[in-house]
Amino acid sequence: MGVKLSPASPAGKWLGFVTAVWVQAISGNNYTFSNYSDALKTLMGLTQLQLNGLSVAKDVGKAFGIFAGLASDRLPTAVILLIGSVEGFVGYGVQWLVVSGRIQPLPYWAMCVFLCMGGNSTTWMNTAILVTCIRNFRKNRGPVSGILKGYVGLSTAIFTDVCSALFADDPAKFLMMLTVVPLVVCLSAMLFLREIPPSKTATEEEEETKFFGVINAIAVVIAIYLLAFDVTGAHGRLFSQFFAAILLILLASPLLIPIYLLTKNFASSRRESADVERIATEPLLEAAPEVEKEAESVTAAEKRRPVVGEEHTISEAMKTADFWILFGSFLCGVGTGLSVLNNLGQMGRALGYSDVSIFVSLTSIWGFFGRILSGSVSEYFIKRAGTPRPVWNAASQILMAVGYVVLAMAMPGSLYVGSVVVGICYGVRLAVTVPTASELFGLKYFGLIYNILILNLPLGSFLFSGLLAGILYDAQATSTAGGGNTCIGAHCYRLVFVVMAAVCVVGFGLDVLLSMRTKSVYAKIYASRKCKRASSIIVQ
């Protein structure tokens, strides 16, 4: 008798996670604006401030991610993915029509609308993937967040390098990829990704950790492979096609895990999951049976306000100082990082680089290392010593400030070093903040809480890219014949980098404060997991 590949089976659970990885590997399209922004600027005759306005419109799409958060507790994962993929198809599809010359450039306001749609599409994809996977693997939140956010970071390099390999960096064909590929990949995840019961035993948790290690290793190989392609210069057409084929094989290789599980259980696995319908909002800290019964009495006459580390509604979370400290520190990190990502094209040209795709790829690849390592490392230190996860945000914040100082100095190679440092630190912020929010405020309303925090992306883009970088660049720029403007030299962005370095120092202070305030929460998590490991050893 064969084994049925149900979503709740071990093989089905990991097949769903693999498709989630694929969705994340193509959902970083919102970070690729630098690859076609010059084409839009030239085609529409825009100033830098106007171009940055389009970039802000793209990021404002994330502000509407709150609707994805609300939907995450009401709609199935497949429906949320469908909404995101269709919206992205329309948003990027119209941009492709404009850049490819198939239609005349639309009015500025209309282009803002379609860029906003493209930006919003990723919030539906990310919400569906993150909420579902963190609930499915809630005892390994750090590795889950690191892997998924890591592939988002790699997606920019994946799109950029594949376009460079197959289409010679044609911005129109690049936008065609952004239009079609996410729709196709989301369809695969709609078939296999479901919310299912998390692991219940220490053995299952250890197996999860082992498989996450395998996926981490594959991801590192992909990142090194992409980096090698970037640093080895120009390549012939045949070599580039071979590179793209190998890349697709590497991206498909995590399928070996569900295949292995299916083969392993082929003869012996006949059990059916009796508790498929029990998905719930199990708290991070293990509770005694009597405490669980008390927690289930939600209709009790008096209900105390939850403390940090327990389940919070969005209104309860927003009444805590810890939520706003996390929100503010997140703004300092991702807001300034987005400014660099959105303006890399102009930053490179200001310093005399004709091809800036290498900097886009470097930021993406090193952002991946920041995401994937911080997720696993922060989880390791929680399990071993109860180290508060925000400590790693603090470390990334001060390192990011150093990166901005290096960029402001504009020495030979500064843009290479700055791209790497900013990429790493931006990646750490995204990967660490996601599980931190779930640990401090619970999983029941995590989709909505996550999207409230993600409001920092459009807010940060507006403040640091739309206003700070746009206004200071235009103040240094000279007008061009087409009605736009340009600036060449280290002075174009120096003051921008100095201000952002100062902002990161403020963010560092906020992260240190949050680490001190949440020490007791992580001490309880450590004690709970240590107790569970000890119980498992006694039983064995």
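**Note on the predicted model: surface patch, cavities and salt bridges**

1. Val86 is a residue of helix H5. The model is a predicted one. With a relative accessible area of 41%, Val86 falls in the partly exposed class, because that class runs between the 20% limit for buried and the 50% limit for exposed. Val86 also belongs to a nonpolar surface patch, together with Leu82, Phe89, Val90, Met176, Val180, Val184 and Leu187. The accessible area of these residues together is about 610 Å². Two helices, H5 (77-99) and H8 (171-192), each contribute at least two residues to the nonpolar patch.

2. On internal voids, the structure has six cavities of 30 Å³ or more. The volume of the largest cavity is about 120 Å³, and that of the second largest is about 90 Å³.

3. The lining of the largest cavity consists of 16 residues. Nearest the centre of this cavity are Tyr31, Lys62, Asn126, Lys149 and Leu457. Helices H6 (108-136), H7 (141-167) and H18 (446-453) each provide at least two lining residues. H6 has the largest share, with three residues. Sorted by class, the lining of the largest cavity contains six nonpolar, seven polar and three charged residues.

4. The second largest cavity is lined by Tyr31, Gly153, Thr156, Leu341, Val360, Thr363, Ser364, Gly367, Arg371, Gly423 and Tyr426. Tyr31 is also among the residues nearest the centre of the largest cavity. For the second largest cavity, at least two lining residues come from each of H7, H15 (357-385) and H17 (414-441). Helix H15 gives the most, five residues. The class count for this lining is four nonpolar, six polar and one charged. Helix H7 also supplies at least two residues to the lining of the largest cavity.

5. The salt bridges number eight. One of them pairs the side chains of Asp73 and Arg135, with an N to O distance of 3.1 Å. Asp73 sits in the loop between helix H4 (65-71) and H5, while Arg135 sits in helix H6, so that this salt bridge, under the 4 Å limit, links distant parts of the chain, 62 residues apart. Asp73 is partly exposed at 33% relative accessibility, whereas Arg135 is buried at 7%. Which residues are joined into one network by salt bridges that share partners? They are Asp73, Arg135 and Glu195.

6. A salt bridge also forms between Arg517 and Asp322, whose closest N and O atoms are 2.8 Å apart. Arg517 belongs to helix H20 and Asp322 to helix H14 (residues 321-350), so this pair ties together parts of the chain 195 residues apart in sequence. Is Asp322 buried or exposed? Asp322 is buried, its relative accessible area being 6%. Its partner Arg517 is partly exposed, with a relative accessible area of 42%.

7. The side chains of Asp511 and Arg429 form a further salt bridge, at 2.7 Å from N to O. This pair again links distant parts of the chain, with Asp511 in helix H20 and Arg429 in helix H17, 82 residues apart. Both Asp511 and Arg429 are buried. Helix H17 also supplies at least two residues to the lining of the second largest cavity.

8. Gly507 is another residue of helix H20, which spans residues 491-517. The relative accessible area of Gly507 is 0%, which means that Gly507 counts as buried. How far apart in space are Gly507 and Ala394? From C-alpha to C-alpha they are 7.4 Å apart, although 113 residues separate them in sequence.

9. One backbone angle deserves a look. Ala410 has a phi near 50°, which is a positive value in a residue other than glycine. Most residues other than glycine have a negative phi. Ala410 lies in the loop between helix H16 (390-409) and H17. At 22% relative accessibility, Ala410 counts as partly exposed, because buried requires a value under 20%.

Notes: Residues numbered from 1 in each chain as written. Predicted model: local features only at pLDDT ≥ 70, side-chain atom pairs only at ≥ 80, totals over all residues. Heavy atoms only, no water. Patch = residues over 30% accessible without salt bridge, like charges linked within 9 Å, V, L, I, M, F, W, Y side chains within 5 Å. Areas by Shrake-Rupley, 256 points an atom, 1.4 Å probe, with all protein chains shown as cover. Buried < 20%, exposed > 50% of the residue type's maximum accessible area, 1.4 Å probe, protein only. 1 Å grid on protein atoms, 1.4 Å probe; cavity = no way out; pocket = protein on both sides within 12 Å on 5 of 7 lines; lining within 4 Å. Points joined across faces, edges and corners; volume = space filled by probe spheres on them. Nonpolar A, V, L, I, M, F, W, Y, C, P; charged D, E, K, R; others polar.
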